[in-house]
Amino acid sequence: MIHVALAGNPNTGKTSLFNILTGSYEYVGNWTGVTVEKKVGTLRNKKGELVDLPGIYSLNPLSRDEGVATQFLIAESFTSVLNIVDASQIERNLYLTVQLLEYGKPVIIGLNMMDVARGRGFMINETELSARLGVPVLPIVARTGAGCQELGAELAHTEHQQALTFALDYGPVLERAIKRLVDMIPDGVTLPKRWLAIQLFEGNALIRELLESHITAEQLAQLQTDTERDVCASSSDARSLPHYIRLVRGAFITGVMEGAVTRTQNETYTLS
Ligand code: GDP
Ligand code: MG
Ligand code: K
């Protein structure tokens, strides 16, 4: 049995894809602490389950509702993540993708809204995108179901897939701090430590709470303050530690876009 988490930005076709991939589904009550309903469906091939996570732009939650997806990654057991990416808004969508890749569980990307992207003149080289992100990328149109069967079949392979080794290079100053924090996290913590460290430095309150049960709040605050000071001193662009992290990710995403996405001159904006 595989347990797949469906994650993506709001309005990217998550519900459409969920309904196509699952024959039936049930609401299994609300997510803990919020009024968002939890929806779990059985995959059509009966080989596992799909859990619909609320749409988010980042794992660094701005509200309790947004925290549901992060809480899921922290507390629940699952096999892989199906990350739905809006091909017509690919640059913005890849921000969440980077955070999911950093988590390290197998990720499959369902590149949705391919019709919209084509209509806007985007040419996406899926093979190149897949190579640069290190995970399978399957183009789909969730509104019509195009490509979704192939995507469902690909999900079945994730059960025995290795953990990802995706690691952005955050530069010597932040990398040193990440290593320090990783070394402070006790071995009993089974969550990916590098991901926890980056999320803490990014200002993720849920992760700070989690780490505070292993490391004192004072130690964490001190490390965060020192790291912010050192990072901002070393980078003329960085205004804060979270800002620096966004810049590094943004540069990576720009590179991915340059290699995998081109836009034709004639923008037709055809309606699907
Ligand atoms: P969610 O908010 O992420 O759950 O997205 P929905 O599944 O509710 O889809 C949002 C809107 O986008 C709906 O009007 C869908 O019909 C539409 N939509 C979903 N997938 C596609 C697609 O691949 N192409 C087009 N053109 N529209 C889509
Ligand atoms: Mg939805
Ligand atoms: K600076």
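# Reading the sheet, the ligand site and the ion site

Author: Start with the sheet. Seven strands, in the order β2-β3-β4-β1-β5-β6-β8, form an open sheet with mixed pairing. This is a predicted model.

Reader: Which strands stand at the edges of the sheet?

Author: Look for strands with a single partner. Here they are β2 (22-30) and β8 (137-139), so one side of each is left without a neighbour in the sheet. The twist averages 25° from one strand to the next.

Reader: Take β1. In which sense does β1 pair with β4, and over how many bridges?

Author: Read the pairing from the bridges. Strand β1 (residues 2-8) and strand β4 (residues 48-52) run in the parallel sense, with 5 bridges between them. To find the register, pick a pair: His3 has Glu49 as its bridge partner in β4.

Reader: How many bridges join β1 to β5?

Author: There are 5, and these two strands run parallel. Use Leu6 as the marker here; in β5, Leu82 stands opposite Leu6.

Reader: And on to β6. How many bridges join β5 to β6?

Author: Strand β6 (residues 107-112) is joined to β5 by 6 bridges, again with parallel strands. For the register, Val85 has Leu111 as its bridge partner in β6. Now follow the chain. It leaves β5, passes through helix α3 (residues 90-103) and enters β6; this β-α-β crossover is right-handed.

Reader: How many residues of β5 are buried?

Author: Count residues under 20% relative accessible area. In β5 (residues 80-86), 7 of the 7 residues are buried, so the strand is largely enclosed by the rest of the structure.

Reader: Which residues of β5 lie on one side, and which on the other?

Author: The general idea is alternation. In a regular strand the side chains alternate between the two faces of the sheet. On one side of β5 are Ser80, Leu82, Ile84 and Asp86; on the other are Val81, Asn83 and Val85. All of these are buried, which leaves both faces of β5 covered.

Reader: Turn to ligand 1. How many residues surround it, and which are the closest?

Author: List the neighbours before looking at single contacts. Ligand 1 has 14 residues around it, the closest being Lys14, Thr15, Ser16, Asn112 and Asp115.

Reader: Which polar contacts can I check, starting with an oxygen atom of ligand 1 and Gly13?

Author: Separate backbone from side chain. Gly13 places a polar backbone atom 3.0 Å from an oxygen atom of the ligand. Thr15 uses its side chain: a polar atom there is 2.8 Å from an oxygen atom of ligand 1. Ser16 also has a polar side-chain atom by a ligand 1 oxygen, at 2.6 Å.

Reader: What are the protein donors of the potassium ion (ligand 3)?

Author: Ask which atom each residue offers. The donors are Cys232 (O), Ser235 (O) and Ala238 (O), and they lie 2.7 Å from the ion. In sequence, these donor residues of ligand 3 are spaced C-x2-S-x2-A.

Reader: Is Ala238 buried or exposed?

Author: Buried, at 10% relative accessibility. Cys232, at 23%, counts as partly exposed.

Reader: Now the backbone. Which value of phi does Asn11 have?

Author: Check the sign, then the residue type. Asn11 has phi near 65°, a positive value in a residue other than glycine. Asn11 sits in the loop between β1 and α1 (14-21). With a relative accessible area of 76%, Asn11 is exposed.

Reader: And where is Lys46 found?

Author: Lys46 is in the loop between β3 (37-43) and β4. Its phi is near 65°, again positive in a residue other than glycine. Lys46 is exposed, at 63% relative accessible area.

Reader: Is Asn60 buried or exposed?

Author: Asn60 counts as buried, at 16% relative accessibility. This residue belongs to the loop between β4 and α2 (64-75). Look for a partner: a polar side-chain atom of Asn60 lies 3.0 Å from the backbone oxygen of Glu202.

Reader: One more residue. Where is the place of Pro172?

Author: Pro172 is in helix α7 (residues 171-184). At 63% relative accessibility, Pro172 is exposed. Compare sequence with space: Pro172 and Phe78 are 94 residues apart along the chain, and 33 Å apart from C-alpha to C-alpha.

Definitions and conventions
Residues are numbered from 1 along each chain as its sequence is written. Chains are lettered from A and ligands numbered from 1 in the order in which they are written. This is a predicted model: local features need pLDDT of at least 70, side-chain atom pairs count only at pLDDT 80 or more; totals for chains, interfaces and linings use all residues. Side-chain values use heavy atoms; hydrogens and water are left out. Two strands pair if DSSP finds at least two bridges between them. Helices (H or I, at least four residues) and strands (E, at least two) are DSSP runs, numbered from the N terminus. Axes are lines fitted to C-alpha atoms, for helices over the stretch in contact, and angles run from 0 to 180 degrees between N-to-C directions. Donors are N, O and S atoms within 2.8 Å of the metal (3.2 Å for Na, K and Ca); water is not among the atoms, so sites may look incomplete. Buried means under 20% relative accessible area, exposed over 50%, partly exposed in between (1.4 Å probe, protein chains only). A crossover is right-handed if, with the strands pointing away from the viewer, the path from the first strand over the helix to the second runs clockwise. A residue is near a molecule or strand if one of its heavy atoms lies within 4 Å of it. A polar contact is a pair of N or O atoms within 3.5 Å; within protein, one must be able to donate a hydrogen and the other to accept it, and residues adjacent in sequence count only if both atoms are side-chain atoms.
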